[in-house]
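Okay, everyone, thanks for coming. Let me put the structure up, and then I'll walk you through the sheets, the helices on them and a few ring contacts.

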Amino acid sequence: MGFSEKVFSDFAAVAVEGALKDANIEWKKIQAIMAGIFIYGGNAGHLSGQYLESIFGETGVPVVNVYNACATGSAAIRMAYNSVAAGETDTALAFGADVSPKGFLTAKSDNAVQDRDVIRWKMGGLPNPIYWALECRKRMEKYGTTEEDLALVKVLMSEYGAKNPDARFKKPYTMEEVLNSVYVCDPLRLYEICPVSTGAAAVIVTADKELISKADKAVKINATTMGSSIYGDPTIRISALSCPAVAEAPMLSESYSASRQAYEKSGIGPDDIDVLELPDNSSWHYLVYLETCGFCKEGEADKMLRDGMTKIGAKLAVNPSGGFSSHGEALSAQALWQVIECANQLRGRGGARQVEGAKVAMAQTYGLMGNSGTTILTL
């Protein structure tokens with residue numbers, strides 16, 4: 001959703017109530033809570049799980065508050081999954097809620113001793129889209145990506161967003177409209193960058209056979225992983241002010257690592273996946289993530305897009321939700337929201353955006369300073 005005067009726990013409560021109702025589970029069945037931290041919320045935001053408990057009821061179960069930047073939701077669901085898989089609990093809740101500041105995500109303090117991220121703001125004044133634009137320019141020079149390719153991503157995402165009742169932006173855009181929008185950071189234009197957003201998402205993970213039997217088409221988590229950066233990654237990492245001159249590791253190596261871990265653990269590879277939700281923070285992300293996650297070779301994503309190989313109805317449907325482009329990014333919630341979108345596709349709830357016959361789905365997101373998460377699901 002867009003901006004609101006409501007507090008984060010209000011959004012979290014709506015999301016958690018919806019998850020409980022969808023799963024047909026009572027609150028008292030939740031045996032552990034993995035809560036995504038709301039970074040801009042002060043002490044309350046850092047203790048989001050306890051604040052949620054104060055709404056639904058304090059039952060004494062373990063509560064863990066976690067933050068991994070924009071991959072926070074990935075960390076929460078991974079912890080919930082591992083808690084159940086280890087036999088510590090039968091049923092765990094993962095949730096994230098966020099109220100982003102208006103405009104670009106900003107520095108969280110002005111004390112460079114306490115907060116290292118302050119340095120990039122003091123020395124360079126670098127909001128996140130500048131990092132994306134620099135990488136996009138490198139791509140255009142190396143692989144011939146065009147302004148039309150970047151615009152086409154937005155056109156496709158807006159087509160899906162217009163059909164998604166939960167999207168924040170429902171206007172379909174033409175190529176001309178996108179190419180006439182202003183540059184935010186050359187070569188990325190206004191409509192080619194997702195805005196920050198406010199929102200919440202919640203997922204319930206259970207191994208309780210009785211609860212599973214009550215659910216409407218419960219989906220299976222085949223793997224949920226986290227990756228961090230690998231030394232030698234040539235990506236200009238958000239928050240850093242330099243990168244290796246010579247590549248000794250894959251670009252976006254945190255996401256390379258998370259996706260490869262997921263493939264190995266699940267025994268499922270890119271060729272098996274029907275639905276992919278990737279982090280389209282910008283049009284550049286849409287292209288590079290197809291390559292980072294192994295859906296094509298480096299430099300081939302543009303052709304996949306142009307040839308319609310990533311559309312609904314093709315072998316791989318990419319972001320049938322409309323992506324971040326249609327929803328914005330809500331830091332702590334977005335990775336969980338991607339998992340929900342994937343689950344809804346597997347459960348046949350996609351409506352006008354339904355991917356017919358979808359059996360395998362993958363959610364992939366990433367965050368500042370080398371955080372990434374991958375979740376693979378099957379029906």
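Let's start with the sheet made of four strands: it is open, the strand order is 2-1-3-6, and the pairing is mixed. The edges are strand 2, residues 63–66, and strand 6, residues 198–206; each has a single partner strand, so one side of each has no neighbour in the sheet. On average, neighbouring strands here are turned by 15° against each other, if you ignore direction. And before I go on, please keep in mind that this is a predicted model.

Now look at strand 1, residues 32–36. Strand 1 pairs with strand 2 in the parallel sense, over four bridges. If you want a residue to click on, take Met34, whose bridge partner in strand 2 is Val64.

What packs on this sheet? Helix 4, residues 72–85, does, and it touches strand 1, strand 2, strand 3 and strand 6. The direction of helix 4 makes about 170° with that of strand 3. Helix 14 packs on the sheet as well, touching strand 3 and strand 6, with its direction at about 60° to strand 6.

Hold on to helix 14, as it takes us to the other sheet. Helix 14 covers residues 334–346, and it also lies across strand 8, strand 10 and strand 11, running at about 170° to strand 10. Those strands belong to an open sheet of five, in the order 7-11-10-8-9, again with mixed pairing. Here the edges are strand 7, residues 220–228, and strand 9, residues 317–318; each pairs with a single strand, so one side of each is left without a neighbour. Helix 10, residues 253–266, lies across strand 7, strand 10 and strand 11, at about 150° to strand 7.

So, is strand 11 buried or exposed? Eight of its eight residues are buried, so strand 11 is largely enclosed by the rest of the structure. Remember that in a regular strand, side chains alternate between the two faces of the sheet. In strand 11 both faces are covered: Asn371, Gly373, Thr375 and Leu377 are buried on one side, and Ser372, Thr374, Ile376 and Thr378 on the other.

Strand 11 has partners too. Strand 7 runs antiparallel to strand 11, with eight bridges between them; Thr224 is bridged to Thr375, and Ile221 to Leu377. Strand 10 is also antiparallel to strand 11, again with eight bridges, and one of the partnerships is Gly367 with Asn371. Strand 10 and strand 11 form a hairpin with three residues between them, and Met369 in the turn has a positive phi of about 60°.

Last topic: rings. There are six aromatic pairs in the count. One is Phe8 with Phe38, tilted, 5.3 Å centre to centre with 45° between the planes. Phe8 sits in helix 1 and Phe38 in the loop between strand 1 and helix 2, so this pair ties together parts that are 30 residues apart in sequence. Both Phe8 and Phe38 are buried. Tyr51 joins them, as ring pairs link Phe8, Phe38 and Tyr51 into a cluster.

And two charges to finish. The charged end of Lys171 sits over the ring of Tyr173, 4.7 Å from its centre, and that of Arg189 sits over the ring of Tyr183, 4.1 Å from its centre. That's my tour, thanks!

Terms used: Residues numbered from 1 in each chain as written. Predicted model: local features only at pLDDT ≥ 70, side-chain atom pairs only at ≥ 80, totals over all residues. Heavy atoms only, no water. Pairing = 2+ DSSP bridges. Helix = DSSP H or I, 4+ residues; strand = E, 2+ residues; numbered from the N terminus. Contact = heavy atoms within 4.5 Å. Axes fitted to C-alpha atoms, helices over the stretch in contact; angles between N-to-C directions. Phe/Tyr/Trp six-rings, centres within 6.5 Å; stacked < 30°, edge-to-face > 60°. Buried < 20%, exposed > 50% of the residue type's maximum accessible area, 1.4 Å probe, protein only. Lys NZ or Arg CZ within 6 Å of the ring centre and 35° of its normal.
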